[in-house]
Structures are given as C-alpha cells and as structure tokens.
There are 2 protein chains.
Amino acid sequence: VDTQNLLGMLQTNRQLMDEAILEFLPKNSDTKEINLLYEMMRDYPSRGGKGLRGSMCLLWCELFSGQKRNALITAASLELFQNWILIHDDIEDGSEMRRGLPALHRKHGVELAINAGDSLHGKMWELLLTNRNALGANTTLDVLLEFTRMLNETTEGQQMELAWTSRNDWNISEGDYLLMVTKKAAWYTCISPCRLGLILSPSSRDSSFPEKLEQIIEFGTHLGIAFQIIDDVLNLTADESKYGKEILGDLYEGKRTLILIHLLTRLQSGDREKVVEALTKPRQSKSDRDIRWILQLIRDHGSIDYARKVAITHSDRAMKLFEMISSGQSRLHPKVYDETKALLEYLTSRDY
Amino acid sequence: VDTQNLLGMLQTNRQLMDEAILEFLPKNSDTKEINLLYEMMRDYPSRGGKGLRGSMCLLWCELFSGQKRNALITAASLELFQNWILIHDDIEDGSEMRRGLPALHRKHGVELAINAGDSLHGKMWELLLTNRNALGANTTLDVLLEFTRMLNETTEGQQMELAWTSRNDWNISEGDYLLMVTKKAAWYTCISPCRLGLILSPSSRDSSFPEKLEQIIEFGTHLGIAFQIIDDVLNLTADESKYGKEILGDLYEGKRTLILIHLLTRLQSGDREKVVEALTKPRQSKSDRDIRWILQLIRDHGSIDYARKVAITHSDRAMKLFEMISSGQSRLHPKVYDETKALLEYLTSRDY
C-alpha cells in the first residue's frame, strides 16, 4: 500500500462518513435563529478534516473481519466527536483558525459557539442511537459506553492542559506531558477508534476479546503519543498551506509541548525565565520577535530532534504491539492488515 | 397534599437523587489538575437545586404505577442535565450568581468551566447507561433517545435567545417568545421529565402509550410556559434571600421576557428607543438608575400583571390536559395523583 493508495482510501472513507453526517444533521428551520444554529453545526463537518479517527475505526472493524457498513455510523460519530469538541477547544485555547478558516467562535461569538458545540455533541449521541436497528440494542450500548470513556479521558486531558495555562505552570515533567497527551489525544484519536472497530467486528465474540480491548489501550497510547508529538513538531516546521492550522500557533498560544519542556530543561535560569515570561504573555501581546527568538533557541538546543526521537520510540512500540494484537488471528483480513499498517506508518511520519 | 407535605416530598426525592449523583461522580485523582476538574463537576450538583425536574419524572412514573426505584437513575440524570447546561448557560448569559454563589466560570475562568460542563455532560450519558442492568437494553435506549430530543430542543431555544441578544434584536413577538420558552425551558423542565416517567412505567406497554406521549408535549408546553413566565416575574419581584439568583438580573442581562415584550408594545417610540438602548448596553455599563426606571415603566404599564395573566391561562390549560391524560387510567395511583397535582399547582404559583 503506497501513500497514494492510502490517501485514496482515506478519501473514500471520508466521503462515506461526510455523507452520513451531513445527511443526519438538520438542514432547514422556519425560525431564522435555529437556521443559524444548523448552519453552525454543519460548519466544521463541512470543512473537511482528514477523517483519520473514523477511518481507523472502519479499518479495525474490517481487520477483524467485520463489515464496514456496520461501523459506518460509529465512525461518523467519531468524526462528530472531533467536530463538536474542536468548537469548544478552539474557544478554550483561544485558537483563531481551524482547517484554514476562522474558528467558529470568531465568526459567531463565544456564546453561540458554546451552544452550537453542545447541540452538535447531542447530535453525536443521537447518531449513535441509530445503530440500534442494524446492530441491536446491546452492541449499540457497548459502543455508547466506549464513547463515555473516551469523553472522560479527553476532558481530563484538556483540563490538565488548561489548568497549566491558566495557572501559568511551566513546572511540567515529561511524564506529566505524556499523561496529558494520552488523555487529551490518544484516547479519541487512537485508542477508542480501534477498540470500537473491534467491538463492531465478529471478534467481539471471541474469548480473547477482553484481553485485546485492554492491549489496544497500550498500543493506542504509544501511537497517540507519537501522533501528537509529530503534530507539535509540524506546528513549528510545516508548510502553512498544507497544515491548515496556524503555523507557530502553539508558541503564540503558550501550549505545553515536549519540545518546549525539553528546551526549558536545557536553558540556564536567566534564559529560562525570559522564555517563560515571553510564553506567558497574553497572545495579543506576544511579539513576533519573541516567538522567533524562542524558535531559534528550540533549534539551537536540538529540542525538535529530541521530540522526533521520542516520537519514534513510541511509534516503534506501537508497531510491535500492533503485530502482537493482530498475530494469530485466524479471521485477520490480509489486505486490510496492510492498509492498517500503512495508516499507522503514515500517522507517525506525516510531513504535511 | 399541603405545601409542607409537598416540600417534604421534594426534599426526600432530592436527597435520593443527590446521593445517586454524588456517589456516581468521580471524587479523587492523584493528578491535581484532574482533582480540580472533579471538584468543578461536583460544584453545581452540591449547591442544592430544588430537584423539580427529577421529582416530576419520579412522580409521573409512580402516577402510572411504576416503581420509583426504576426511575431514580433517570431522574438523577435529569438533574445532571440541568447542572451541566447551567454551567454553559451561565457563561453564555453572562450570569454572575448561581444558587446564591458565584457562577462556576467566575470561580475558575471561562475555559475551565466550558470543559467541566462538557465533562459533566458526558457523565450524564454514562449515568444513563447504568440503567442497563435494572431496566434492560431496550428501555435504556428509549430513555437515551428522549434525552437527545430534550437536548435538541433546549439548545435550539438557547440559540434563539442568544441570537436575539447578540444581534440586539428586540423586534420579538409574543409568539417568538413562546416558541423560545417552549424549547429552552418547557422541554427539559416539564415535557421530557413527564414523558420519561411514563416511559419507565408499566403504561409504556399500553396501546394508549404513543398517544399519551404526544399529549404530554402539549401539556408540558403549557406548564413550562407558565413556569417560565412566573420565573421571569419572580426575577423582578422576589425576595433575593429565597430566590437564589440575582434579583433584576434579567434586566441587567437584557433578557427577553414576556414582561418586556409587553412593555415595548405599550411605549411611545421615544421611550421605546430609550428602553431598548438602556437594555442593550453591556451589563457593566448599565446604571442602577436605568434599571429602576425600566422597572417603574413595567409597573406603570401593568406588564407584570399581564404576564401573570398569561401564565394563568397556560397553567389552566395544563391542568385540563393533566386531567385528560390521567383520566380513565385503571392503574392510576390516587395518592401520587394528588401529589402530582399539588406539584403542578406549586410550579405555577410559586412565591419564593
């Protein structure tokens, strides 16, 4: 499976999920204010993310010989999760851009955007309830339970990050960072999508099912950490036209990344204080000069290379766990196995 | 059933629901940031609302000969709904106080409060999923579906109100107001609690069940409208120590109420413009003098009496529909019938 094939597969999946989502979300209301709500709810889903989380779920379902059509609603709901939580994250993080366009709260104000996020959140559960006819009541509930776990972890991770920012806390260890990333990113990007794929496959009736569900937590943790670190690296190094988000936005937002944590351990206390002071300023008071200075320090101290190395350690570990989880599976689908592996490699070596 | 008995019953129900909620919500984490999240999630539930919505659900379940214990988780989840959505509403409406204490975002900042609301929202669904053992998969899903309907309506109503505020739109008819209130308040305060009670009772197996579910929408709409109008009246007339929220807060927030809509239709265009201008000012620029002047106009034009009259029309209609829905029910529980009736009367004639 080469990158072109992989991107084609992702594109196909995305279209299927987009259709399911945009078909499901309400379109028109006679009340103009409600019409605006519907428009806001359809905004992020229409901007076209990559559909990575939903695709991961579809692949893991097929990998264990499940039917893609049985996982489609759930995969689309994972994308809805991503969309509603990004509306709120963008407010919480003070992000200005999302997928190349102004963040929703910048278009409509914070008040309406919080409410639109809540409404879209509700739609996620409603969409998941439509699993009932095709999958039966019990599987529908198993899927819902996984979503509640995913949401618990994600909001706990977000809380850690927000609390660091609001308390101006830069006294963060690598371990703190990894726990935050596991909760904030790994669960909804990797762990739950894969677990849901397995839940929706015939392997959910195997005796090894509970053990595999557990193993996926470790696998997805390493994969998610690698994915997030690479995302943080890209924020400093990527080509803005391909990246979609704001380049250097993490520095302007004062986001805690492995790169900065590494840098801060390497600096003498004078420089350390200056960097912390610069990062701590409110976004609008940060000068481009400060940011360029910090970026230069990051390069000088090899913090980007360090982060890349840590990412590789975690992605290697994830690959080994993937081999272990998928080995000895009589039902394993060989073509999907190759595709899944290609996706895992892609996730941990992106250069867009 | 006199008021004392009724308040005792509400108190008993509230204790049962509080126990279920505080038992369920997470308490301690080794990570101090997550500990703070847990504390924030437990904050509003610990402040002690009246538990009206949960009690309504319990009563309607018993009214149709259901078991209170079968409805307890669902009733507690209705209270959780109220709690998480109030966290977000308080941000969206710029409210400063909630149940006699500072609003959550005033204690911890908007960012953490949005996230804590999302986390508590997730806990609501997780709590509802615990219905599975006692009620079975199908009833659990029926209850979840009602919650998604309730959330759709509530966020649509909130959107209407927020859009009016953000666009500075005072060109609102009584019909617009009633639609907003039905969506924003009647669904989660009256319609869904009663429907859920019925869903959790043995009457859900009767042939008349779908018809009753529909009738409750009309009943609960009238009840909810009466309830909300009385709430708006109380905001201008109540004793702050009993009321819990901020007296005259609606005027400071520029909230659209039937009282103001009535007043604006009665004013000459000069005064009308002045009132709209005063209401439109940002909260912190509103002078106490302006607010007192508007309050005097409201009194002079009989707008409070008008609102009370409209409330009575709707509560009378709700009572008639209640008689209709509960008539000819062989299974009807007579003591609970009296209690429910007393609660309906209490809701539409509060003076606290």
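Leu78(B) sits in helix H4 of chain B, which spans residues 68-93. Helices (H or I, at least four residues) and strands (E, at least two) are DSSP runs, numbered from the N terminus. The model is predicted: local features need pLDDT of at least 70, side-chain atom pairs count only at pLDDT 80 or more, and totals for chains, interfaces and linings use all residues. Residues are numbered from 1 along each chain as its sequence is written, chains are lettered from A and ligands numbered from 1 in the order in which they are written, and side-chain values use heavy atoms, with hydrogens and water left out.

Leu78(B) has a relative accessible area of 1% and is therefore buried. Buried means under 20% relative accessible area, exposed over 50%, and partly exposed in between (1.4 Å probe, protein chains only). Contact means heavy atoms within 4.5 Å. With neighbours within four places in sequence set aside, Leu78(B) is in contact with Arg53(B), Gly54(B) and Cys57(B), and also with Phe147(B), Met150(B), Pro193(B) and Leu196(B). Tyr188(B) is 110 residues from Leu78(B) in sequence. In space the two are 7.9 Å apart, C-alpha to C-alpha.

Chain A contains 17 helices and two strands. Its C-alpha atoms fill a box of roughly 60 × 55 × 35 Å along the principal axes. The radius of gyration of chain A is 21 Å, which agrees with the value near 20 Å for a compact globule of 352 residues. This radius is taken over C-alpha atoms, and the globule rule is 2.2 Å times the number of residues to the power 0.38. Of the 352 residues in chain A, 62% are buried. Contacts in chain A between residues at least 6 apart in sequence were also examined: 74% of them join residues at least 24 apart.

Chain A exposes about 13,800 Å², and carbon and sulfur atoms supply 46% of it. Accessible areas come from the Shrake-Rupley method with a 1.4 Å probe; for residues, only the protein chains shown count as cover. Chain A carries 43 positive and 50 negative charges, and their mean positions are 1 Å apart. Lys and Arg count as positive and Asp and Glu as negative, while His and the chain ends are not counted. The place of a charge is NZ of Lys, CZ of Arg, CG of Asp or CD of Glu.

The relation between the two chains was examined next. A turn of 180 degrees and a shift of 0.0 Å along the axis lay chain B on chain A with an RMSD of 0.0 Å. The two copies are thus related as by a two-fold rotation axis. In chain B, the C-alpha nearest the axis belongs to Ala137(B), 2.8 Å from it. Copies are superposed by least squares on the C-alpha atoms of residues with pLDDT of at least 70 in both. Of the interface residues of chain B, 100% are also interface residues in chain A, so the copies meet through the same surface.

Glu33(A) reaches across to the other chain by contact: its partners, beyond neighbours within four places in sequence, are Gln159(B), Met160(B), Ala163(B), Trp164(B), Arg167(B) and Asp169(B). Glu33(A) lies in helix H2 of chain A, residues 32-47. At 5% relative accessibility, Glu33(A) counts as buried.

Two further buried residues lie in helices of chain A. Glu153(A) belongs to helix H8 and has a relative accessible area of 12%. Leaving aside neighbours within four places in sequence, Glu153(A) is in contact with Lys183(A), Lys184(A) and Trp187(A). Gly270(A) is 117 residues from Glu153(A) in sequence and 37 Å away in space, C-alpha to C-alpha. Thr221(A) lies in helix H10, residues 209-237. Its relative accessible area is 17%, and Thr221(A) is buried. With the same neighbours set aside, Thr221(A) is in contact with Thr182(A), Ala186(A), Ile191(A) and Ile216(A). Thr221(A) and Ala186(A) are 35 residues apart in sequence and 5.4 Å apart in space, C-alpha to C-alpha.

Positive phi values occur in two loop residues other than glycine. Arg99(A) has phi near 50 degrees. It lies in the loop between strand E1 (97-98) and strand E2 (101-102) of chain A. Asn168(A) has phi near 55 degrees. Asn168(A) is placed in the loop between helix H8 (137-166) and helix H9 (174-199) of chain A. At 37% relative accessibility, Asn168(A) counts as partly exposed.
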